Amino acid sequence: MLQGGANLAQTGDPRLDTADFADSTPGNLRVDYVLPSRRLRPVGGGVFWPATTDPLYRLTGAYPFPTSDHRMVWLDVR
C-alpha cells in the first residue's frame with residue numbers, strides 16, 4: 001500500500017526481502033546477501049526489517065528512509 005501496490009505481484013518469500021526501493025515499480029527485493037565459505041555451515045540468519053509497531057522501526061522507517069532502503073542481513077555459521 002505504501003508504494004501503490006508494487007509488491008502485489010511479488011512471487012518470492014517476503015521474509016527474504018532485503019531492500020525497499022521506493023519508486024513505482026520494483027517494491028521490496030532480495031538484493032543483499034551473505035555468502036559464507038563452503039567450509040562454514042549456516043545455522044541461522046535473518047534480515048533486520050522491523051514492523052511499524054517495533055520501537056526499532058525508527059531506524060528503517062518509510063520513504064524517505066532515515067538511513068537506507070537496504071536492510072541488514074546476517075548469518076550465524078559454525
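**Exercise 1. Confidence along the chain**

In which strand of the chain is confidence lowest, and in which is it highest?

*Solution.* Start from the fact that this is a predicted model. Next, take the average: the chain has a mean pLDDT of 86, and 88% of its residues score at least 70. Now go strand by strand. Strand β2, residues 27-29, has the lowest confidence, with a mean of 76, while β4 has the highest, at 96. As a reading habit, predicted coordinates should not be read in detail where pLDDT is low.

**Exercise 2. The overall layout**

Describe the order of the elements in the chain, then its burial and its surface.

*Solution.* First, the elements: the chain has 4 strands and 0 helices, so reading from the N terminus gives β-β-β-β. Second, burial: 19% of the 78 residues count as buried. Third, the surface: the accessible area of the chain is about 6000 Å², and carbon and sulfur atoms hold 57% of that area. Last, the contacts: among those in the chain with a separation of 6 or more, 54% are between residues 24 or more positions apart.

**Exercise 3. A glycine in strand β2**

Is Gly27 buried or exposed?

*Solution.* Find Gly27 in strand β2. Its relative accessible area is 0%. The cut-off for buried is under 20%, so Gly27 is buried. Then look across to Ala6: the two residues are 21 apart in sequence, yet their C-alpha atoms lie 4.8 Å apart.

**Exercise 4. Four residues in one loop**

Work out what surrounds Thr60, Gly61 and Met72, and describe the peptide bond before Pro64.

*Solution.* Begin with Thr60, in the loop between β3 and β4. With a relative accessibility of 5%, Thr60 counts as buried. Setting aside residues up to four places away in sequence, Thr60 touches Phe48, Pro50, Phe65, Pro66, Thr67 and Arg71.

Move on to Gly61, placed in the loop between β3 and β4. Gly61 is buried because its relative accessible area is 12%, below the 20% cut-off. Beyond its neighbours within four places, Gly61 is in contact with Pro66 and Arg71. Between Gly61 and Ala51, which are 10 residues apart along the chain, the C-alpha separation is 9.3 Å.

Now step to Pro64, placed in the loop between β3 and β4. The bond joining Tyr63 and Pro64 is a cis peptide bond, with omega about -5 degrees. For background, most peptide bonds are trans.

Finish with Met72, in the loop between β3 and β4. Leaving out neighbours within four places, Met72 is in contact with Gly46, Val47 and Phe48. Met72 and Val47 are 25 residues apart along the chain, with 5.8 Å between their C-alpha atoms.

**Exercise 5. The second largest pocket**

Which residues lie nearest the centre of the second largest pocket, and which strand gives the largest share of its lining?

*Solution.* First, the space: the second largest pocket holds about 260 Å³. Second, the lining: 16 residues line this pocket, and Leu16, Arg30, Gly46, Val47 and Val73 lie nearest its centre. Third, the strands: β3 (42-47) and β4 (73-77) each give at least two lining residues, and β3 contributes the largest share, 4 residues. Fourth, the chemistry: the lining divides into 9 nonpolar, 4 charged and 3 polar residues.

Definitions and conventions. Residues numbered from 1 in each chain as written. Predicted model: local features only at pLDDT ≥ 70, side-chain atom pairs only at ≥ 80, totals over all residues. Heavy atoms only, no water. 1 Å grid on protein atoms, 1.4 Å probe; cavity = no way out; pocket = protein on both sides within 12 Å on 5 of 7 lines; lining within 4 Å. Points joined across faces, edges and corners; volume = space filled by probe spheres on them. Nonpolar A, V, L, I, M, F, W, Y, C, P; charged D, E, K, R; others polar. pLDDT = per-residue confidence, 0-100. Buried < 20%, exposed > 50% of the residue type's maximum accessible area, 1.4 Å probe, protein only. Contact = heavy atoms within 4.5 Å. Areas by Shrake-Rupley, 256 points an atom, 1.4 Å probe, with all protein chains shown as cover.
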